[in-house]
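Colleague: Could you take me closely through one part of this model, the surface that the protein turns towards the DNA strand, and then set it beside the contact between the protein chains?

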There are 2 protein chains.
Amino acid sequence: MKFDLIDLRLFIAVAEQNNLTKGAELVFLAPSSASHRIKQLEAHLETQLLVREPRGVTLTKAGDIVLRHAKKALATLEQMQSELYPFTDSMQTHVKLWANTNAIHTYLPDDLGQFLELHPHVKLILEEHGSDEIADAVAKGEIEIGIVAEQELNSEVMLFPYKHDRLVLIVPSRHKLAGAESIKFDQLVDFPFVILNEGSAIHTFTMNKAAMLNKHLNIRAQVKSFDAVCRMVSSNVGVAIVPHDSVCHQHELALSIIEIDETWSKRDLMICVNKHKELGSLVTELLRYLTKQKVRPGTL
Amino acid sequence: MKFDLIDLRLFIAVAEQNNLTKGAELVFLAPSSASHRIKQLEAHLETQLLVREPRGVTLTKAGDIVLRHAKKALATLEQMQSELYPFTDSMQTHVKLWANTNAIHTYLPDDLGQFLELHPHVKLILEEHGSDEIADAVAKGEIEIGIVAEQELNSEVMLFPYKHDRLVLIVPSRHKLAGAESIKFDQLVDFPFVILNEGSAIHTFTMNKAAMLNKHLNIRAQVKSFDAVCRMVSSNVGVAIVPHDSVCHQHELALSIIEIDETWSKRDLMICVNKHKELGSLVTELLRYLTKQKVRPGTL
DNA sequence: TACCTTATTCGTCTTTTACGAACGCTAATT
DNA sequence: AATTAGCGTTCGTAAAAGACGAATAAGGTA
């Protein structure tokens, strides 16, 4: 066994991209190096793993086997690091995390709350900043980790997907807005609204947006779950603003989904960390934790 | 994750030996290199894995975790190679295997038979030679793999345990030989014998040894299993020669076990392969297979 | 006290590995 | 039909990693 973990990570990346160059980039290698490494790997295993095609690569059967086991092996080692965390020397006790408004008002409270519960000794220093500012601070090493919205940022940071979601308007199928592609928020403040319980993040958020337009939302119903929101809307009680992911699989309901054409409706959040600096174990742990969190419809 | 597979193998070896120097040797590293590697590993994991004591090392709790996961990860990769075997390029079709008399007449037929069944395209070229001769041929690369008896051989070969067993004499507890430390074969050819079915390897072997002394064994009973042999002997039917491992756990029977003081009674068999040459996948597979075989009492 | 075992440090040398530039190949484009 | 764009590979060079042996340190043992 003469290959190493970089080979495995590279191979996984290449396999998932079906593209050697892109895969190489994901593990910070030049294409030439990647090509060389994979050739060595194939030589050591005495097996062809990829078929090189003019537009990328595809896996052979042997490649599938390697992909599967490589993933498993790396997962084992990730798990190891995770379990190792409590024993880590020089245990870091605080992390500076900056996040944009969206993140701080939506997903973060829940996620961080859970994380802090799991790690009682940890202190988070959480601040709200603009995405560009956050990325710069991460690049300069002023903070360890940030959560931002934009994709195009300071190229000195490494990005991981955090949440991928957007707020949409749902209306009954026969509503006069039904079928519209997208809509501005100010076009709908006068419609009757179905919203979540007072105090929920999205409730507050929506009310604030309306207030900024000097409007007062016409609240027809307040309910306790996204499920209930959808049902109310489909029963013609009113319209509602909800995360797209919490509605997409309610196909049995007579709903029409409309994009909201506002910057705040986009909620693709990315985690960014310094590209070059070695991450402390606590940051690694936090990053691991946050990237594991999936969108949980109905929680927001 | 900046460590590599060598680190993991090294760590496992060191952990199992509780000794850095010996562990290093197992993975063909100088102690200095091993020390350096493990220090790096500890640095990368930000965790102390070993406590260095004057007589070797012991594992910390973190070390235990690493040991467990490292083993699992490596096992995954071994499994991968194993599954990969059928896809291997330049699939080797024959292997030269030399073995000493013992091995050829005892364990090998069974094990090789099974192996060949699993690999229908493989041809084995099996020859019988003396252990030293075999080791030299392996060292020179004339044959890929050998099975030998002695431990002290040409140091250019790498050894793996194959079978660890020895033939012993069993007699009834009240037999006049009972309690003896050891005995020569010629001292017992006149006792009545219980032996395995005609045709079994050990039967043929024993008969041949007697014939070499110009004696004819006094066969009192032939039975079909080692279990039966033990029962017959404990019932005073006669004495018997059996593999030690097939008798050791028959404590309820009134048996006395006596060493046989002959070279052929030692059946510690080792597999040897070339220390420096990269092993072909077929040889790897065979080696993997043979080292997995455990002594199966009652099979011989 | 002298000695042994075992791990570590240091300086040197070899091997490994990454990179960029040039190249070859194929499919899509003009 | 010629051109362009996307990909993977090859090659030479430069830098980094890694292995080794000798010397060292630290703690038990005879």
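Modeller: The element that gives the largest share of the surface near DNA strand C is α3(B), with four residues. This is a predicted model, and what follows should be read with that in mind. Taken by class, the surface near DNA strand C is made up of eight nonpolar, seven polar and six charged residues. There are 21 residues around DNA strand C, and those that come nearest are A:Ala30, A:Arg37, B:Thr21, B:Lys39 and B:Arg52.

On the side of the DNA, sugar or phosphate accounts for 79% of the atoms of DNA strand C within 4 Å of the protein, while the rest belong to bases. Individual polar contacts can be named for both parts of the strand. A:Ala30 places a polar backbone atom 2.7 Å from a phosphate oxygen of DNA strand C, and B:Thr21 has an N or O atom in its side chain 2.6 Å from a phosphate oxygen of the strand. With A:Ser32 the partner is a base, since here a base oxygen of DNA strand C lies 3.0 Å from a polar side-chain atom. Looking at whole elements, two or more residues of the surface near DNA strand C come from each of α3 (31-45) of chain A and, in chain B, α2 (20-26), α3 (31-45) and β2 (56-59).

The contact between the two protein chains can be described in a similar way. Chain B and chain A each bring 35 residues to the contact, and the area buried between them is about 3,300 Å², with carbon and sulfur atoms giving 65% of that area. Two salt bridges are found across the interface of chain B and chain A; in a salt bridge between the side chains of B:Arg68 and A:Glu83, the distance from N to O is 3.2 Å. Polar contact between chain B and chain A is counted for eight residue pairs, with both residues at pLDDT 80 or more.

For the side of chain B that touches chain A, at least two residues are supplied by each of α1 (5-17) and α4 (61-84) of chain B, and the largest share, 16 residues, comes from α4(B). By class, this side of chain B holds 14 nonpolar, 10 polar and 11 charged residues. To set the two surfaces side by side, α3(B) gives the largest share of the surface near DNA strand C, whereas α4(B) gives the largest share of the side of chain B that touches chain A.

Note on methods. Residues numbered from 1 in each chain as written. Chains lettered and ligands numbered in written order. Predicted model: local features only at pLDDT ≥ 70, side-chain atom pairs only at ≥ 80, totals over all residues. Heavy atoms only, no water. Contact = heavy atoms within 4.5 Å. Buried area = accessible area lost by both parts, 1.4 Å probe. Salt bridge = Lys/Arg side-chain N within 4 Å of Asp/Glu carboxyl O. Polar contact = N/O pair within 3.5 Å; in protein donor to acceptor, adjacent residues only side chain to side chain. Nonpolar A, V, L, I, M, F, W, Y, C, P; charged D, E, K, R; others polar. Near = heavy atom within 4 Å.
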